[in-house]
Structures are given as C-alpha cells and as structure tokens.
Amino acid sequence: MTRVCLVGKDDIELRYELVSRETAREALATYDLREPYQNAVALESVSLGSAVALLNDLNWYLVRFVNTALIFDASVSDEEWLSRDLAEAIRDNEIDPDESGRFLKVYGVADDELLEPMFVTRTGHELPEYDLHDVDETLVVRVTESEFGA
C-alpha cells in the first residue's frame, strides 16, 4: 500500500474544504480518510502511480488548500516519505528510487503537528538532528534537487 498525506494551509480546515466540494468529495469517496497530524488528511492508495494520479486529479484543490502533499511508498523507502514532485519523477522513471535519498526536508513533530521543516543533505547514513524545535519525533521527506534549492 502507498500512503498519501495532505497538509493543509494554516488558515483553512483542510478536511472540510475537500469534502465540501463535490469533485474532490467524489475523488476521495472510495478512500478511508484519516488525520495523522493537525489539519492533515491521509489515505491509502494501491500504488505510487495511483497516488500521483489522485494528486493530479485533486490539483485544483491542492493549489488552494494544501501546503504540502506527501507520498509514502515502501518500495522506495520503508521510513521516508516523498514529495509530490519526487514521487512523480520516480513514477515517470526520471529519477531512480535508489538515488532519491540525498535531498531531504525534515519536519519536527510535536503534539500531532508538523513543525517547520529543516532542509538537509544526506552525506552518509546518519542524518543531522532536527534542531529547530525540541521534538521527540521527526518526519523525513525526500525531495527533488530543485525543491531543495527553492
């Protein structure tokens, strides 16, 4: 199973915005929606390709209501998430999954909230410790080189 997590913008309630609109509601109707973090909507999809296709279908809503769209696919990494752009590049065979782990965006997690991210480059097996806030947990997201430099 592949997981998708959409993190809403600060000034809106993401789940409400998605299910209150007919087209988004219909696109999400077959999924069991969860809220793993504050103002986030998560679901499981059958594959990386179907997850990317769902995000493409929801793009109008993502542009307006979502800060971050993440995809988790165990065939790429059993611990790290992928940015939408990286997931699409892997699906389209533009980036080899084994070569996708250099550029990272690390979020702190506190009280079920994703805190501001820290960009890091993997230089070995160990990642630099998240030091923007005092947290017990982090969420590591692989990103493309262009997202890393943005």
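Accessible areas here come from the Shrake-Rupley method with a 1.4 Å probe. With that in mind, show the surface of the whole protein, which is a predicted model: its accessible surface comes to about 8,500 Å², and 42% of that area belongs to carbon and sulfur atoms.

Next, switch to a cartoon view and follow the chain from the N terminus, where the elements run β-α-α-β-α-α-β-β-α-β-β-β-α, giving 6 helices and 7 strands for the protein. The radius of gyration is 15 Å, close to the 15 Å that the globule rule gives for 150 residues, so the protein is as compact as a globular protein of that length. If you turn the model along its principal axes, the C-alpha atoms fill a box of roughly 45 × 35 × 25 Å.

Now colour the residues by burial, and you will find that 45% of the 150 residues count as buried. Among the contacts with a separation of 6 or more, 64% are between residues that stand 24 or more positions apart. Selecting the charged residues brings up 13 positive and 33 negative charges, whose mean positions are 6 Å apart.

For a closer stop, select helix α1, which covers residues 14-19 and contains E17. Is E17 buried or exposed? With a relative accessible area of 15%, which is under the 20% limit, E17 is buried. Show its side chain together with that of R21, and you will see the two joined by a polar contact of 2.5 Å. Finally, add I12 and F65 to the selection, since E17 is in contact with both of these residues once its neighbours within four places in sequence are left aside.

Definitions and conventions. Residues numbered from 1 in each chain as written. Predicted model: local features only at pLDDT ≥ 70, side-chain atom pairs only at ≥ 80, totals over all residues. Heavy atoms only, no water. Helix = DSSP H or I, 4+ residues; strand = E, 2+ residues; numbered from the N terminus. Rg over C-alpha atoms; globule rule 2.2 N^0.38 Å. Buried < 20%, exposed > 50% of the residue type's maximum accessible area, 1.4 Å probe, protein only. Contact = heavy atoms within 4.5 Å. Lys, Arg positive; Asp, Glu negative; His and termini not counted. Charge placed at Lys NZ, Arg CZ, Asp CG, Glu CD. Polar contact = N/O pair within 3.5 Å; in protein donor to acceptor, adjacent residues only side chain to side chain.
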